[in-house]
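Subject: Structure handover

Hi there,

Here is the structure I promised to pass on to you. Have a look at it first, and then read on for my notes.

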Amino acid sequence: MTSAAALSATAGFDVEAFLARPLTARLATVTPAGPVVRPVWFLWEEAEFWTLTGPWARLHQQAAADPRVALVVDECDLATGRVRQVIARGRAELVPFDVPRGRRKLSRYLGADESRWATRFSRYLHTDPAESGAVWLRLAPARLSAQDLSYTVEP
């Protein structure tokens with residue numbers, strides 16, 4: 001697998017910094033009816049993508065049935081012409097939820113002040129994962145690619 005640092009050199013942008021931003025990814029799973037794509041919040045740590053799921057979500061069931069997934073994080077700013085993408089493919093693994101990683105993921109999207117978070121988010125940090133069923137979907141990409149497709153905006 002190519003590292004994000006190596007990808008930065010070939011892609012022409014800092015892939016680590018890009019993946020540290022609170023962007024929404026789209027995660028595709030394989031089902032008997034065909035691929036299913038959904039938006040997800042993610043955390044990029046240790047060269048892996050981490051997404052929260054559990055038995056309440058189809059994502060959990062689909063990844064358990066067939067772990068092959070693809071994920072894309074991208075941006076397209078028509079005002080500046082900035083178009084960048086990171087694409088990952090591999091096998092998802094459902095692993096136990098841990099609160100510190102959950103806090104890091106949620107705070108990047110919701111801010112550091114947990115008192116301002118909606119209960120539907122903060123409850124993952126205060127409910128026993130054995131009770132809630134919360135788990136991580138971890139994707140250690142078998143393939144990772146990045147492209148800068150930006151263009152110059154004409155005045």
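Below is what turned up, going from the strands to the pocket and then to the salt bridges.

Please keep in mind that this is a predicted model.

**Strands around E6**

A good place to start is strand E6, residues 82-96. Strand E5 (residues 68-77) runs antiparallel to E6, and ten bridges join the two. Within that pairing, Glu75 has Arg84 of E6 as its bridge partner. The hairpin of E5 and E6 has four residues between the strands, and Gly81 takes a positive phi near 85° there.

E6 also pairs with two strands from later in the numbering. With strand E8 (residues 143-148), the pairing is antiparallel and covers six bridges; here Ile87 is partnered by Ser145 in E8. With strand E7 (residues 135-139), E6 is again antiparallel, this time over five bridges, and Leu94 stands opposite Leu137 of E7.

**The largest pocket**

You will probably want to look at this one yourself. The largest pocket has a volume of about 440 Å³, and 16 residues line it. Which of them lie nearest the centre? They are Leu52, Trp56, Lys105, Phe121 and Tyr124. Two or more lining residues come from each of strand E2 (34-40), strand E4 (48-53), helix H4 (99-110) and helix H5 (119-126). H5 gives the largest share, with four residues. Sorted by class, the lining holds ten nonpolar, two polar and four charged residues.

**Salt bridges**

There are eleven salt bridges in the structure, and I picked out three for you.

- Glu46 and Arg101 meet through their side chains at 3.9 Å, N to O. This pair links distant parts of the chain, 55 residues apart: Glu46 is in the loop between strand E3 (43-45) and E4, while Arg101 is in helix H4. How exposed or buried are the two partners? Glu46 counts as exposed because its relative accessibility is 59%, over the 50% cut-off. Arg101 has a relative accessibility of 9%, so this residue counts as buried.

- Glu48 and Arg138 form a salt bridge at 4.0 Å, N to O. Here too the pair links distant parts of the chain, with Glu48 in strand E4 and Arg138 in strand E7, 90 residues apart. Glu48 is at 14% relative accessibility and therefore counts as buried. Arg138, with a relative accessible area of 21%, is partly exposed, because buried means under 20%.

- Asp66 and Arg68 meet at 2.7 Å, N to O. Asp66 counts as buried at 17% relative accessibility, whereas Arg68 is at 42% and counts as partly exposed. Elsewhere, salt bridges that share partners join Glu45, Glu46, Asp98, Arg101 and Arg104 into one network.

**Where the notes meet**

A few elements come up under more than one heading. Helix H4 gives two or more residues to the pocket lining, and Arg101, the partner of Glu46, is in that helix. Strand E4 likewise gives two or more residues to the lining, and Glu48 is in E4. Strand E7 pairs with E6 over five bridges, and the Arg138 that meets Glu48 is in E7.

That is everything from my side for now. Happy to go through any of it together.

Best wishes

Notes
Residues are numbered from 1 along each chain as its sequence is written. This is a predicted model: local features need pLDDT of at least 70, side-chain atom pairs count only at pLDDT 80 or more; totals for chains, interfaces and linings use all residues. Side-chain values use heavy atoms; hydrogens and water are left out. Two strands pair if DSSP finds at least two bridges between them. On a 1 Å grid over the protein atoms alone, a cavity is a set of points where a 1.4 Å probe fits but cannot get out, and a pocket is an open set with protein on both sides within 12 Å along at least five of seven lines; lining residues have an atom within 4 Å of a point. Grid points are joined across faces, edges and corners, and a volume is the space filled by probe spheres set on the points. Ala, Val, Leu, Ile, Met, Phe, Trp, Tyr, Cys and Pro count as nonpolar, Asp, Glu, Lys and Arg as charged, and the others, Gly among them, as polar. Buried means under 20% relative accessible area, exposed over 50%, partly exposed in between (1.4 Å probe, protein chains only).
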